[in-house]
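These are my notes from a session with one protein chain, written down in the order in which I looked things up. I began with the cysteines, then went on to the sheet, the core and the totals for the chain.

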Amino acid sequence: MRNLSLSGTILQNYQWKEAINLANEYQKLASLILEDVGGKANIDKLTYCVTRLRFKLKDESKVDITKLKETEGIVTVVKTDEQFQIVIGKHVGEVYEEICKTANLKKEAPVEVDGTPQKQGFFKNLTKKLFQ
């Protein structure tokens, strides 16, 4: 029994180290993205969907698209008429949180792929209203 308990502790410590490493990587990526989109002052609005950060920028000429595309952790960059999108993948929520924290941005609700607000379930809406 002691060996199982000890191996569980080792596994738990390993998982914590991995979680800390991931958090550090999200912080680094968030800082690089902020720098390459022209800084906090250039961000008008930031939301995210399933895989993308969706920026509305004040001046898109300040964006270093080449640097962004070469950054590890970024899949690609997409520019639309209204948005500047950075494709991150499944960790987009964590990177979004770090960008908001680092730049002291107001958090927006996640959006669907088409840009409409994500629908929330009954219980999520209820708890949100209860604990505001």
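I started with Cys100, which counts as buried because its relative accessibility is 3%, under the 20% limit. I then looked up Cys49, and this residue also counts as buried, because its relative accessibility comes to 3%. Since the model is a predicted one, I treat both values as properties of the model. I also asked how many disulfides there are by the distance rule, and the count comes to zero.

Next I listed the secondary structure, and I noted four helices and four strands for the chain. Reading along the sequence, I wrote down the pattern α-β-β-α-β-β-α-α.

I then turned to the sheet and asked in which order its strands lie. I found an open sheet of four strands, ordered 1-2-4-3, with antiparallel pairing. At its edges I noted strand 1 and strand 3 (76-79), each of which pairs on one side only. For the angle between neighbouring strands of this sheet I recorded 20° on average, with direction ignored.

I went through the pairings one by one, beginning with strand 1 and strand 2, which are antiparallel and share five bridges. These two strands form a hairpin, and I noted three residues between them. Within this pairing I looked up two partners: Thr47 is bridged to Arg54 of strand 2, and Tyr48 stands opposite Leu53 in strand 2.

Moving across the sheet, I recorded four bridges between strand 2 and strand 4, which run antiparallel. Here Arg54 comes up again, this time with Gln85 in strand 4 as its bridge partner. For strand 3 and strand 4 I likewise noted an antiparallel run with four bridges, and in this pairing Lys79 has Phe84 of strand 4 as its partner.

After the sheet I asked which residues have the most contacts inside the largest nonpolar core. This core has 26 residues, and I listed Ile33, Leu53, Phe55, Leu68, Ile86, Ile88 and Ile99 as those with the most contacts inside it. To see where the core residues come from, I checked the elements, and I found that helix 1 (2-36), strand 1 (43-48), strand 2 (52-57), strand 4 (84-87) and helix 3 (92-103) each supply at least two of them. Helix 3 gives the most, with six residues. I kept in mind that, in soluble globular proteins, nonpolar side chains tend to be buried together.

I picked Ile33 for a closer look and set aside its neighbours within four places in sequence. What remains is a list of contacts with Leu53, Phe55, Leu68, Ile74, Ile86, Ile88, Val95 and Ile99. Leu53 thus has two entries in my notes, as a contact of Ile33 and as the residue opposite Tyr48.

I closed with the totals for the chain, which has 132 residues, 30% of them buried. Among contacts with a separation of 6 or more, I noted that 58% are between residues 24 or more positions apart. For the accessible surface I wrote down about 9,300 Å², with 54% of this area belonging to carbon and sulfur atoms.

Note on methods
Residues are numbered from 1 along each chain as its sequence is written. This is a predicted model: local features need pLDDT of at least 70, side-chain atom pairs count only at pLDDT 80 or more; totals for chains, interfaces and linings use all residues. Side-chain values use heavy atoms; hydrogens and water are left out. A nonpolar core is a set of buried Ala, Val, Leu, Ile, Met, Phe, Trp, Tyr and Cys residues joined through side-chain atoms within 4.5 Å. Buried means under 20% relative accessible area, exposed over 50%, partly exposed in between (1.4 Å probe, protein chains only). Contact means heavy atoms within 4.5 Å. Two strands pair if DSSP finds at least two bridges between them. A disulfide is a pair of cysteine sulfur atoms within 2.5 Å. Axes are lines fitted to C-alpha atoms, for helices over the stretch in contact, and angles run from 0 to 180 degrees between N-to-C directions. Accessible areas come from the Shrake-Rupley method with a 1.4 Å probe; for residues, only the protein chains shown count as cover.
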